[in-house]
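Subject: Structure handover

Hello,

Here is the structure for you to look through. My notes follow below it.

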Amino acid sequence: MAKKRVAILISGRGSNMAALIAAARAPDYPAEIVGVIANTPKAAGLETARAEGLRTAIVRLKDHADKAAADAAIEAQLEAWNIDLVCLAGFMRLLGPELCQRWQGRILNIHPALLPAFPGLDTHERVLAAGVTEHGCTVHFVTAGMDEGPIIGQAKVPVLAGDTPESLAARVLVEEHRLYPACLARVARGEIGMAGPTG
Ligand code: GRF
């Protein structure tokens with residue numbers, strides 16, 4: 001089966017992007033990373049992507065009339081690269097309903113919490129404030145709602161006495177870097193879709 005062509009959208013450091021790039025180096029991995037799009041030239045992950053020899057593009061909201069126009073620019077880039085699947089990896093701008101609809105079942109996101117618990121920002125702080133004993137991360141299909149959409153996979157970590165947001169984030173991040181490549185592989189192989197596992 002031909003490898004699925006993947007674009008990764010980032011806003012920042014891009015450690016999940018790097019984990020996906022590393023996983024895709026394996027000859028039997030079912031997807032290849034074709035390019036990286038950032039919504040800011042300051043995204044540190046762009047440098048990593050360039051060093052990996054990947055194509056990069058920057059689509060800034062402020063260079064476009066509105067969000068729909070910026071989404072259209074992203075869409076055009078995805079088409080130019082002939083992309084099959086999109087991975088959001090720390091992409092901090094909510095994509096509009098049209099783009100989400102068009103890419104339904106083909107666009108994934110990673111969230112640093114066990115959805116549906118703790119959607120939104122500052123998850124590690126909020127987990128500690130809530131006093132729960134279990135935390136983790138979720139890879140899910142993207143729909144128009146923030147951090148909604150069918151769950152592809154989750155990984156759990158314990159919350160330990162004395163944890164700070166930083167120590168907890170670091171423990172979750174290790175799992176993110178394992179979970180995202182595994183979930184992308186399942187989607188790329190057609191083992192799971194918006195309606196759940198296939199076959
Ligand atoms: C990760 O914790 C991810 O789950 C969240 O934003 C963070 C991005 O980190 N959506 P990185 O840019 O992948 O290092």
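Start at Pro-116, which lies in the loop between E5 and helix H5 (123–130). Keep in mind that this is a predicted model. The peptide bond between Leu-115 and Pro-116 is cis, with omega about 10°. Most peptide bonds are trans, and most residues other than glycine have a negative phi. The loop between E5 and H5 also holds Asp-122. Asp-122 is not a glycine, yet its phi is positive, about 55°.

**His-111**

Go back along the chain to His-111, which sits in strand E5 (residues 107–111). Is His-111 buried or exposed? Its relative accessible area is 4%, so His-111 counts as buried. The cut-off for that is under 20%.

Which residues does His-111 touch, leaving out those up to four places away in sequence? They are Phe-118, Pro-119, Gly-120, Thr-123, Gly-136, Cys-137, Thr-138 and Asp-147. Two polar contacts are worth loading in your viewer. The His-111 side chain reaches the backbone oxygen of Phe-118 at 2.6 Å. The side chains of His-111 and Asp-147 are joined by a polar contact of 3.4 Å. For the path of the chain here, take His-111 and Leu-121: they are 10 residues apart in sequence, and their C-alpha atoms are 9.3 Å apart in space.

**The ligand**

His-111 is also one of the residues around the ligand. The full set is Arg-13, Gly-14, Ser-15, Asn-16, Gly-90, Ile-110, His-111, Pro-112 and Glu-176. Three polar distances stand out for checking:

- Arg-13: an N or O atom of the side chain is 2.5 Å from an oxygen atom of the ligand.
- Ser-15: a polar side-chain atom lies 2.5 Å from an oxygen atom of the ligand.
- Ile-110: a polar backbone atom is 3.1 Å from a nitrogen atom of the ligand.

**Helix H5**

Now to the helix after the loop. The buried residues in H5 include Thr-123, His-124 and Val-127. These residues cover an arc of only 95° around the axis, which puts them on the same side of H5. The buried residues of H5 pack against E5, strand E6 (134–141) and H6. Just after H5 comes Gly-131, with a positive phi of about 75°.

**Helix H3**

H3 covers residues 67–80, which makes 14 residues. From first C-alpha to last, H3 reaches 20 Å, close to the 20 Å expected at 1.5 Å a residue. Which residues of H3 are buried? They are Ala-70, Asp-71, Ile-74, Glu-75 and Leu-78. Seen down the axis of H3, these buried residues fall within an arc of 145°, so they line one face of the helix. The spacing fits a general rule: an α-helix has 3.6 residues a turn, so residues three or four places apart point the same way.

What does the buried face of H3 pack against? Its partners are strand E1 (4–10), strand E2 (31–38), strand E4 (85–88) and helix H4 (97–102). On the other side of H3, Glu-79 and Ala-80 are exposed.

Both ends of H3 deserve a look. At the start, a side-chain oxygen of Asp-66 comes to within 3.3 Å of the backbone nitrogen of Ala-68. After the helix comes Asn-82, in the loop between H3 and E4. Phi of Asn-82 is positive, near 60°, in a residue other than glycine. Asn-82 has a relative accessibility of 52%, so it counts as exposed. The cut-off there is over 50%.

**The cores**

The largest nonpolar core has 37 residues. Ile-8 and Leu-184 have the most contacts inside it. Where does the largest share of this core come from? Helix H6 (residues 165–188) supplies it, with 8 residues. Leu-184 touches Val-6, Leu-20, Tyr-29, Ala-31, Leu-85, Cys-87 and Leu-108, not counting residues up to four places away in sequence.

A second, separate core has 20 residues. Among them are Ala-70, Ile-74, Leu-88 and Leu-95. Ala-70 and Ile-74 bring you back to H3, where they are among the buried residues.

Best regards

How values were computed
Residues are numbered from 1 along each chain as its sequence is written. This is a predicted model: local features need pLDDT of at least 70, side-chain atom pairs count only at pLDDT 80 or more; totals for chains, interfaces and linings use all residues. Side-chain values use heavy atoms; hydrogens and water are left out. Helices (H or I, at least four residues) and strands (E, at least two) are DSSP runs, numbered from the N terminus. The expected span of a helix is 1.5 Å times one less than its number of residues. Buried means under 20% relative accessible area, exposed over 50%, partly exposed in between (1.4 Å probe, protein chains only). The arc is that of the directions from the helix axis to the C-beta atoms. Contact means heavy atoms within 4.5 Å. A polar contact is a pair of N or O atoms within 3.5 Å; within protein, one must be able to donate a hydrogen and the other to accept it, and residues adjacent in sequence count only if both atoms are side-chain atoms. A nonpolar core is a set of buried Ala, Val, Leu, Ile, Met, Phe, Trp, Tyr and Cys residues joined through side-chain atoms within 4.5 Å. A residue is near a molecule or strand if one of its heavy atoms lies within 4 Å of it.
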